[in-house]
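Reader: I would like to go through the packing of this model, one question at a time. Please show it before we begin.

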Amino acid sequence: MRRAIFPGSFDPLTLGHSDIIQRGVTLFDEIIIAIGVNADKKYMFSLEQRMKFIVDAFKDEPKIKVHTYEGLTVDFCKKVDADFILRGLRNPGDFEFEKAIAHTNRKLSEIETVFLLTSSGKSYISSSIVRDVIRNGGDYTSLVPDTVRTF
């Protein structure tokens, strides 16, 4: 089985994330959306809300599972028997940052990172931009899946 994890904080899930997940599901037998938990980070949405956004968004896709994890991503990969990490790239800055992480992960384990370019119409969307729009009372609905619009 070709199993990949798609790690992130998903605070909140965006259409950019959904784009990568929907395209990634055609490449792998299973994708585990792995919500990283960092006790030192302050999130806008609770872990339960973030989990619900994702579970509800992909409830009709049997190849997608949702888990939470703490610690190193490569350790979580070993725990769930995933040989791949799926990551989305929006811009050259993302590439440089993700490349360093991918090299480190490869050094720590045999995990291979697979990059997909975010579709051009969604490449500007990030969770931090969505949070800023929400905090300032803007219309964020065109940036997130329907499941996030319900909070």
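Author: One cut-off comes up again below: buried means under 20% relative accessible area, and exposed means over 50%. The model is predicted.

Reader: Is Y69 buried or exposed?

Author: The relative accessible area of Y69 is 11%. The cut-off for buried is under 20%. Y69 therefore counts as buried.

Reader: How do the rings of Y69 and F76 pair: stacked or edge-to-face?

Author: A search of the whole structure gives 5 aromatic pairs. F6 and F10 make up a tilted pair, with 5.6 Å centre to centre and 55° between the planes. For Y69 and F76 the ring centres are 4.8 Å apart and the planes lie at 20°. Planes under 30 degrees apart count as stacked, so the Y69 and F76 pair is stacked.

Reader: What is the relative accessibility of F76?

Author: F76 counts as buried, because its value falls under the 20% cut-off. The relative accessibility of F76 is 6%.

Reader: Which strand gives the largest share of the largest nonpolar core?

Author: The largest nonpolar core has 27 residues, and I33, I54 and L86 touch the most other members. At least two residues of this core come from each of β1, α1, β2, α2, β3, β4 and α5. The largest share is 3 residues, and the strand that supplies it is β2.

Reader: How many residues are in the other core, the one with Y69 among them?

Author: This other core lies apart from the largest one. Its members include I5, A34, Y69 and V80. The number of residues in it is 11.

Reader: Which residue has a side chain joined to that of R87 by a polar contact?

Author: R87 is part of strand β4. Leaving out residues up to four places away in sequence, R87 touches F6, P7, E98, T113, V114, F115 and L116. Among these, the side chain in polar contact with that of R87, at 2.7 Å, belongs to E98.

Reader: Which residue of β5 stands opposite G88?

Author: β4 and β5 run parallel, joined by 6 bridges. L86, setting aside neighbours within four places in sequence, has contacts that include V114 and L116. The residue in β5 opposite G88 is L116.

Reader: What is the handedness of the β-α-β unit made by β4, helix α4 and β5?

Author: Helix α4 covers residues 92-108, and β5 covers residues 112-117. Together with β4 they make a β-α-β unit that is right-handed.

How values were computed. Residues numbered from 1 in each chain as written. Predicted model: local features only at pLDDT ≥ 70, side-chain atom pairs only at ≥ 80, totals over all residues. Heavy atoms only, no water. Core = buried A, V, L, I, M, F, W, Y, C linked by side-chain atoms within 4.5 Å. Buried < 20%, exposed > 50% of the residue type's maximum accessible area, 1.4 Å probe, protein only. Helix = DSSP H or I, 4+ residues; strand = E, 2+ residues; numbered from the N terminus. Contact = heavy atoms within 4.5 Å. Polar contact = N/O pair within 3.5 Å; in protein donor to acceptor, adjacent residues only side chain to side chain. Pairing = 2+ DSSP bridges. Right-handed = clockwise from strand over helix to strand, strands pointing away. Phe/Tyr/Trp six-rings, centres within 6.5 Å; stacked < 30°, edge-to-face > 60°.
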